[in-house]
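Biologist: I should be grateful for a close look at a single part of this model, set in the context of the whole chain. Please choose the part yourself and explain each term as you come to it.

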Amino acid sequence: MRISLLCSDEQHPINDYLHSWILKRQNIDQIELVRRKSELSGGDILFLISCSEIVDAIDRSAYRASLVLHASDLPQGRGWSPHIWQIIEGAEVITLSLLEAEDKVDSGRIWRKMRLPIPKHALWDEINDSLFSAEIELIEFAVQEFSSVNPVEQDASIEPTYYPRRSPAESNIDPKQSIASQFDKIRVCDPHRFPAFFELHGKKYKIVLEKIND
């Protein structure tokens, strides 16, 4: 099987998981990991993973299926960084959806959904590990069940909701509010790529949150 993985950000933490999966299947399938859609060579399945480009119908026509991994219970939570927004809202379980790519954002048929518990104590790296491991599981599912999967339309009786793109300002912590009241906002911030910070006395300070093993 010819498989393409399009992940726009070379620094995205999911890349380690993608490389491990490719290594596992290198003697079974022909797999490419690319950063731009112009590098795509066509084939059986295209996976769009943290892709920042618009991949239109012409691009997708080079594949038998083009699939997106999206961390919300679609049609609710379409848009950007859904698991981050949900955890900030207090969610303790998130749904990961594997769906077909369409021109209208996150509107395609669903191949499979998985529910992931997110403990209230889990920090950004632990959340990432749960999420990325589940994404690899769904990628593996799509490959293994490609010929037998029965995609379903998204529930038309549910009104879609949309999350906006996050900006660095979303990681701004108010020093006058308690840590407890802002803990969910702090714990989802990647201290390397999108660190939490606060401003005080005319200076900006980075927040690094780590667990201490007693």
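Modeller: The chain contains 5 helices and 10 strands; helices (H or I, at least four residues) and strands (E, at least two) are DSSP runs, numbered from the N terminus. The chain is as compact as a globular protein of its length, because its radius of gyration is 18 Å, close to the 17 Å that the globule rule gives for 214 residues. That radius is taken over C-alpha atoms, and the rule is 2.2 Å times the number of residues to the power 0.38. Along the principal axes, the C-alpha atoms fill a box of roughly 55 × 40 × 35 Å.

This is a predicted model, in which local features need pLDDT of at least 70 and side-chain atom pairs count only at pLDDT 80 or more, while totals for chains, interfaces and linings use all residues. Residues are numbered from 1 along each chain as its sequence is written, and side-chain values use heavy atoms, with hydrogens and water left out.

Of the 214 residues, 47% are buried; buried means under 20% relative accessible area, exposed over 50%, and partly exposed in between (1.4 Å probe, protein chains only). Contact means heavy atoms within 4.5 Å. Among contacts between residues at least 6 apart in sequence, 66% join residues at least 24 apart.

The part I have chosen is strand E4, with the strands that pair with E4 and the loop that follows. E4 spans residues 63-70, and 7 of its 8 residues are buried. Two strands pair if DSSP finds at least two bridges between them. E4 runs parallel to E3, to which it is joined by 5 bridges. With E6, by contrast, E4 pairs in the antiparallel sense, over 4 bridges. Particular residues mark these pairings: phenylalanine 47 has leucine 67 in E4 as its bridge partner, and histidine 70 has serine 97 in E6.

E3 covers residues 43-48. E3 is largely enclosed by the rest of the structure, because 6 of its 6 residues are buried. E3 also runs parallel to strand E1 (residues 2-6), with 4 bridges between them. Here phenylalanine 47 of E3 stands opposite leucine 5, so that residue links the two pairings described: leucine 5 on one hand and leucine 67 on the other. In a regular strand the side chains alternate between the two faces of the sheet.

The backbone beside these strands has some unusual geometry. Most residues other than glycine have a negative phi, and most peptide bonds are trans. Proline 75, in the loop between E4 and strand E5 (78-79), is joined to leucine 74 by a cis peptide bond with omega of about 15°. Leucine 74 can also be placed relative to a remote part of the sequence: its C-alpha atom is separated by 8.2 Å from that of aspartate 155, 81 residues apart along the chain. Aspartate 155 belongs to the loop between H4 and strand E8 (162-163), and is partly exposed, with a relative accessible area of 39%.

Two loop residues have a positive phi although neither is a glycine: serine 50, at about 50°, and aspartate 106, at about 55°. Serine 50 lies between E3 and helix H2 (57-60) and is partly exposed, at 38% relative accessible area. Aspartate 106 is found between E6 (93-100) and strand E7 (110-117); at 11% relative accessibility, it counts as buried.

To summarise, E4 is mostly covered, is parallel to E3 and antiparallel to E6, and is followed by the loop that holds proline 75.
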